[in-house]
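User: Could you walk me through the aromatic contacts in this protein?

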Amino acid sequence: AVSRVLGVAQKPASRVLVASRNFANDATFEIKKCDLHRLEEGPPVTTVLTREDGLKYYRMMQTVRRMELKADQLYKQKIIRGFCHLCDGQEACCVGLEAGINPTDHLITAYRAHGFTFTRGLSVREILAELTGRRGGCAKGKGGSMHMYAKNFYGGNGIVGAQVPLGAGIALACKYNGKDEVCLTLYGDGAANQGQIFEAYNMAALWKLPCIFICENNRYGMGTSVERAAASTDYYKRGDFIPGLRVDGMDVLCVREATRFAAAYCRSGKGPILMELQTYRYHGHSMSDPGVSYRTREEIQEVRSKSDPIMLLKDRMVNSNLASVEELKEIDVEVRKEIEDAAQFATADPEPPLEELGYHIYSSDPPFEVRGANQWIKFKSI
């Protein structure tokens with residue numbers, strides 16, 4: 001009997017283990033206290049994580065990580081061309097922010113947008129196909145890395161800081177339409193000194209717009225450290241009259257709780273709030289930046305070994321009996337397969353035909369002629 005049981009258990013060992021173990025349904029964790037500006041109280045310092053949510057966040061973060069590593073590989077094979085900014089290391093930001101808002105809320109970001117495109121609901125297949133410029137991409141192969149969109153997601157934007165006034169405008173629409181919705185408006189530490197950001201702060205504060213301004217501080221704007229770029233690196237205080245909080249952006253639970261707090265603040269009609277997420281990118285600024293001329297390999301390695309967002313969540317879940325190592329390994333295998341399948345699609349799917357250059361210029365105007373790359377070629381707008 002024993003040998004029969006062992007014989008059965010050999011192949012799907014992890015599944016048998018998972019089935020036989022009694023996991024906890026939830027666990028309570030202490031999280032890092034946020035630094036506050038113009039706020040009496042901030043987000044809680046303890047939070048409850050359910051097993052279901054933990055597994056969901058783990059899978060999402062692992063998917064974003066693997067997707068970015070695959071994009072790196074496709075770029076080096078010259079299958080992805082042009083600009084490409086990867087967000088591996090910053091997975092707790094996109095997953096934590098999404099966990100703290102509703103699908104009906106809005107989000108706009110800068111060009112490091114692949115993770116947000118995924119957390120806002122698009123598939124890896126649509127994202128990688130967009131990166132390779134194929135018809136099956138989320139913008140039909142015409143947007144590339146910096147211009148992807150989904151429902152209530154207004155894309156990555158290529159002009160530094162320009163998405164911030166747009167985000168304030170989306171928040172104005174939320175208020176104007178009387179909907180109980182907020183807009184998350186993201187920018188990096190490199191964009192934080194742009195004039196239009198302060199203009200947007202001012203209007204949002206005057207009109208009490210439900211806007212969460214979020215600075216993803218990954219410590220380097222392109223190749224310049226925050227200390228060399230900003231007289232004040234307290235980005236959460238730079239809204240001056242707007243309240244702010246500084247959050248551990250490497251901890252998905254910290255980000256989730258801070259986002260819930262900020263969203264509740266905005267929904268209560270008090271106006272905008274500022275959030276600084278202290279995070280780190282493992283890759284260079286873009287694919288053309290090796291990422292080690294202005295920082296050391298040792299620095300990157302230290303962040304990876306001490307505060308990797310995926311590792312932190314994994315350790316918490318295993319140590320508090322929310323999941324087993326085998327179960328999480330199984331998720332890793334499934335994620336890798338999903339990414340491989342998406343990459344196959346993204347390399348085999350055809351590119352859009354030339355006549356589509358004129359498509360999707362306007363959504364409702366009657367068709368008109370569009371001049372092509374030379375003056376004798378005419379395309380029809382559809």
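Analyst: Happy to! A charge sits over a ring if NZ of Lys or CZ of Arg is within 6 Å of the ring centre and within 35 degrees of the ring normal. This is a predicted model, where local features need pLDDT of at least 70, side-chain atom pairs count only at pLDDT 80 or more, and totals for chains, interfaces and linings use all residues. Residues are numbered from 1 along each chain as its sequence is written, and side-chain values use heavy atoms, leaving out hydrogens and water.

User: Which ring has Arg316 over its face?

Analyst: The distance from Arg316 to the ring centre is 5.4 Å. The ring in question belongs to Phe29.

User: How many aromatic pairs does a search of the whole structure find?

Analyst: Rings of Phe, Tyr and Trp (its six-membered ring) pair if their centres lie within 6.5 Å; planes under 30 degrees apart count as stacked, over 60 as edge-to-face and the rest as tilted. With the whole structure searched, the number of aromatic pairs is four.

User: How many residues apart in sequence are the parts that Tyr220 and Tyr294 tie together?

Analyst: Tyr220 and Tyr294 form a tilted pair, 5.2 Å centre to centre with 50° between the planes. Tyr220 belongs to strand S7 (strands are DSSP runs of E, at least two residues; helices are runs of H or I, at least four; both are numbered from the N terminus). Tyr294 is in the loop between strand S10 and helix H11, so the pair joins parts separated in sequence by 74 residues.

User: Is Tyr220 buried or exposed?

Analyst: Buried means under 20% relative accessible area, exposed over 50%, and partly exposed in between (1.4 Å probe, protein chains only). Tyr220 has 8% relative accessibility, so Tyr220 counts as buried.
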